[in-house]
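Let's take a walk through this structure together, from its packed interior to its empty spaces and a few individual residues. Have your viewer ready so that you can follow along.

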Amino acid sequence: MSVDKYTEEWLEREFVGYGMEPPNPEWPNGAKVCVSFVVQYYMGAESSVLNGDEKACGDLFEIPKTVSIPGRYESAEQTYEYGSREGVLRLLNLFKKCDVPVTWNFYTRAIERNPFWVKPILESGAEISVGGYRWRDNLHDNVAPEVEDMEIQKSIEIIQSATGDKSLPKGWLVERRSNLSTKLYSLAHESSQLPLLYSSDSCQDDLPYWIPSPSGKTDKGLLMIPFSYDTSDLRFNMRGSGWACPADWATYLKDSFDCFYEEAEAGEPKMMTVLLHPHICGRPNRVIHLENFIKYAQSKGAWFARRADIATHWQSKFPYEAKVAFGQTSLPECGQISIPA
């Protein structure tokens, strides 16, 4: 690791990954597919004049071509407020009804603005992970490394104070991260001797994998638990390709699950992540179709798990080995790939 914590450092790009022989995670209870729901909680942490920004947020609205505008934007603010007023409770009730464990990923400015939901979410048995202080594009908004570093430290303090749990967070999903985000929160955990169980800041696989620790500790790795945009409810509100109706989303979820299930029957169990947003899938029609998918996956014996549960399971099956961690192979040789007959 560089002496300068604000210097970008890059792992080798991995184009093969697990190749033709992916590991068998042996999910609990013989499950063929692990399903992980991650709920993004950032209502109040988005771009807003009230948060010191010049413009209001223009992302993920019901009218998808909305753009950021200078000053306050009442319609935008109310779109996100719907998530905390209606969507959160609707999702909590759904997960309780279906007995599904989930991970809620908090952007901690939202807790400062509205701490009300922290206690009910914790009492539901959910895991709380952290996405940072603000929900924004740290790279394209040119957030200074010093600012991001300070906000990471601040987020750890806020989540620990709000929950009363000094072991949190165990994992991160910044999502719209800078090229330094993973390094900075790894260093923050290392400096405070706070165990970092996993990072979800990856989209490059359907199984967890190890990388050398961005903190520079040669005897430690960082477990990456990838997420995916393709199954997310955000495609209801994205510009361009998205869901025409909730039934489209449900069909896509089911088809994705079926593909993973078929691969598992051939000996390659996988993980399916569904990224959710209370102001989007918390709408009545959408939550009904989400429930239909949950019931379908349950009927097929899926293992529904929090990110921390996945990390603990993976570490028990595949402890960190520095020599085989991803991000160190510049050019894999053909001889390294075993092609079945």
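The paragraphs below go through the cores, the pocket, the cavities and two loop residues. Please keep in mind throughout that this is a predicted model.

A good place to begin is the nonpolar interior. In soluble globular proteins, nonpolar side chains tend to be buried together. Here the largest nonpolar core has 70 residues. If you want to find its best-connected members, look for Phe37, Phe95, Trp104 and Ile121, which have the most contacts inside it. Helix H1, spanning residues 74–98, gives the most to this core, contributing 8 residues. Phe95 makes a handy starting point for browsing: beyond its neighbours up to four places away in sequence, Phe95 touches Phe37, Val39, Val100, Val102, Trp104, Leu276 and Ile294. Two of the residues named above as having the most contacts in the core, Phe37 and Trp104, are therefore also among the contacts of Phe95. Apart from the largest core lies another one, of 18 residues, and among them are Leu207, Ile310, Tyr320 and Ala325.

Now let's turn to open space. The largest pocket has a volume of about 1100 Å³. It is lined by 37 residues, and Glu9, Trp10, Leu11, Thr182 and Ile211 are the closest to its centre. Helix H5 and strand E6 (209–212) each supply at least two residues of this lining. By class, the pocket lining divides into 15 nonpolar, 11 polar and 11 charged residues.

One of those central residues deserves a visit of its own. Is Thr182 buried or exposed? Its relative accessible area is 14%, and because the cut-off for buried is under 20%, Thr182 counts as buried. Thr182 sits in helix H5, which covers residues 181–191. Leaving aside residues up to four places away in sequence, Thr182 touches Arg177, Ser199, Asp201, Pro214 and Leu222.

Closed spaces come next. Rolling a probe the size of a water molecule over the atoms shows where empty space is left. How many cavities of 30 Å³ or more does the count give? There are 3 of them, and the largest cavity holds about 60 Å³ of space. Its lining is made up of Gly131, Gly132, Tyr133, Arg134, Asn138, Glu148, Glu151, Ile152, Trp172 and Val174. Strand E3 (127–132) and helix H4 (145–163) each supply at least two of these lining residues, with H4 giving the most, 3 residues. The lining of this cavity has 4 nonpolar, 3 polar and 3 charged residues.

Finally, let's stop at two loop residues. Asp230 lies in the loop between strand E7 (221–224) and helix H6 (246–265). With 28% relative accessibility, Asp230 is partly exposed. Outside a window of four places in sequence, its contacts are Arg235, Trp243, Tyr252 and Ser256. With Tyr252 there is also a polar contact, side chain to side chain, at 2.7 Å. Asp230 is 143 residues from Gly87 in sequence, and their C-alpha atoms are 21 Å apart.

Pro70 is found in the loop between strand E1 (33–41) and helix H1. At 62% relative accessibility, Pro70 is exposed. Not counting residues up to four places away in sequence, Pro70 touches Glu54 and Lys55. Pro70 and Ser213 are 143 residues apart in sequence, with 40 Å between their C-alpha atoms.

Note on methods
Residues numbered from 1 in each chain as written. Predicted model: local features only at pLDDT ≥ 70, side-chain atom pairs only at ≥ 80, totals over all residues. Heavy atoms only, no water. Helix = DSSP H or I, 4+ residues; strand = E, 2+ residues; numbered from the N terminus. Buried < 20%, exposed > 50% of the residue type's maximum accessible area, 1.4 Å probe, protein only. Contact = heavy atoms within 4.5 Å. Core = buried A, V, L, I, M, F, W, Y, C linked by side-chain atoms within 4.5 Å. Polar contact = N/O pair within 3.5 Å; in protein donor to acceptor, adjacent residues only side chain to side chain. 1 Å grid on protein atoms, 1.4 Å probe; cavity = no way out; pocket = protein on both sides within 12 Å on 5 of 7 lines; lining within 4 Å. Points joined across faces, edges and corners; volume = space filled by probe spheres on them. Nonpolar A, V, L, I, M, F, W, Y, C, P; charged D, E, K, R; others polar.
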